[in-house]
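With the structure open in your viewer, please follow this tour from one selection to the next, keeping the side chains switched on as you go.

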Amino acid sequence: MPWSNQGGGGPWGRGPSTPQQPNLEDIVRKFQDMLRRFLPGGGGGGNSRIIALLIGAAVVLWLATGIYRVQPEEQGVAMIFGKWVDTTPPGLHYNLPAPIGHVLTPKVTRVNQVEVGFRSGASDSGRQAFSRDVDQESQMLTGDENIIDIQFAVQWVIKDAGLFLFNVRNPEGTVKDVAEAAMREIIGESNFEVAYTQGRTAIASETQKLIQQILDNYGAGIQILQVNVQNVSPPKDALGAFLDVQAAGQDKERAMNEAQGYLNEVTQKAQGQAEQIIKAAEAYKAERVNAATGDAQRFLAVYQQYVQNKDVTTRRIYLDTMEKILGNMDKVLITHDAASSGVVPYLPLNELLKQKSTAAAAAAAAQKGATP
């Protein structure tokens, strides 16, 4: 928190200003007058020279005490009459000595950490670590109006020692309050499921940016190094119900996956059968089309022959037809000459019937054997 006093820098005010140097001649003159009162004889010419030398040496030694060193892990904050006038880097520097000037050298490379939602530490023996939950800090409201328990730690260092010393009264408390407020804002814009599962890294990054922005607006002189999310979980009172919901969700997901797998199996099988039927139909179609095309071409060829020579073509068609009809029949041809020569026509009906029965039985057996 910034100092409430108005005016100048340091604990008496804000910001650096040009210091007013003391009048050394007035100081020396007053010191000489004070010595003359105590020296016997009021101080002669010789004594005056000795006094001047002593005073000069004292002043030189006093001014020499204003040299100070800033270590590599520190920053120097030079003050005059309690007012911040300069911030110095590591190395040798000079400032007016005390009681006029004063220098503070805070360590700026030391990593500090504040914990939000929990407190960790070690036991009295220093061997066993422990952690204590702080529910009033860790429980936050998400964007979908659910409560989440989140614990995190913030690591920070001093960026500007002057701003850090004069603008912040309680640095650790300020960082903790700002970090908690920033996390509540980020969680308030996030869904519970995102914050609980894959959104931790993004939430930590956004929170770090927001904390740094707020501290920079305060002029705190603090640099945020990292925000570590330690734990994200439902509230303890609702943990059992949350686990039941998670288990139900997993069962639902498993059932949906099984149903989807069965759907894919049945669909692929049906698609395969449909493709097979379509291929068979296309093959039958091609066969019938080719047969009809061949019949049409044969008919056209016969017709062309018929147009050129009707008698020959008619007789050939007649003979081909009779050959097809009589080719598989048992028959006996008797000419008129044979009858006149004394041959008696004889029709063996019994033999013909036997042959016909045998042929029918053989055809039935062949058809039965061909049927699967």
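Select F192 and Y196 to begin: both sit in helix α6, four residues apart, which is about one turn of the helix. The model is a predicted one, and in it the two rings have their centres 5.8 Å apart and their planes at 10 degrees, so this pair is stacked. The two partners can be told apart by their cover, since F192 has a relative accessible area of 7% and is therefore buried, whereas Y196, at 23% relative accessibility, counts as partly exposed.

A search of the whole structure finds three aromatic pairs. For another of them, select W84 and F166, whose ring centres lie 5.9 Å apart with the planes at 10 degrees, so that this pair, too, counts as stacked. W84 belongs to strand β3 (residues 83–88) and F166 to helix α4, so the pair ties together parts that are 82 residues apart in sequence. Are these two rings buried or exposed? W84 counts as buried because its relative accessibility is 10%, and F166 is likewise buried, at 5%.

Next, turn to the interior and select V154, I211 and I224, the residues with the most contacts inside the largest nonpolar core, which has 36 residues. To see which elements give two or more residues to this core, colour strands β2 (76–80), β6 (112–116), β10 (147–158) and β11 (222–233) together with helices α4 (161–167), α5 (171–188), α6 (192–196) and α7 (200–218). The largest share comes from α5, which supplies seven residues. In soluble globular proteins, nonpolar side chains tend to be buried together.

Keep V154 selected and display what surrounds this residue: leaving aside residues up to four places away in sequence, V154 touches N112, Q113, V114, V175, A179, I211, I224, Q226 and V227. Two of these neighbours, I211 and I224, are themselves among the core residues with the most contacts.

From the core, move to the backbone of some loops. In the loop between β2 and β3, select F81, which has a positive phi of about 55 degrees although F81 is not a glycine. The relative accessible area of F81 is 52%, so this residue is exposed. Then go to E145, in the loop between β9 (139–141) and β10, where phi is near 65 degrees, again a positive value in a residue other than glycine. E145 also counts as exposed, because its relative accessibility is 68%.

Which two residues are joined by a cis peptide bond? Select A98 and P99, and inspect the bond between them, for which omega is about 5 degrees. P99 lies in the loop between β4 (91–94) and β5 (101–104).

For the last stop, show the molecular surface and select F299, L300, Y303, Y306 and V307, which together make a nonpolar surface patch of about 530 Å². One of them, Y306, lies in helix α8 (residues 239–308). Y306 counts as partly exposed because its relative accessibility is 33%, a value that falls between the limits of 20% for buried and 50% for exposed.

Terms used. Residues numbered from 1 in each chain as written. Predicted model: local features only at pLDDT ≥ 70, side-chain atom pairs only at ≥ 80, totals over all residues. Heavy atoms only, no water. Patch = residues over 30% accessible without salt bridge, like charges linked within 9 Å, V, L, I, M, F, W, Y side chains within 5 Å. Areas by Shrake-Rupley, 256 points an atom, 1.4 Å probe, with all protein chains shown as cover. Salt bridge = Lys/Arg side-chain N within 4 Å of Asp/Glu carboxyl O. Buried < 20%, exposed > 50% of the residue type's maximum accessible area, 1.4 Å probe, protein only. Core = buried A, V, L, I, M, F, W, Y, C linked by side-chain atoms within 4.5 Å. Contact = heavy atoms within 4.5 Å. Phe/Tyr/Trp six-rings, centres within 6.5 Å; stacked < 30°, edge-to-face > 60°.
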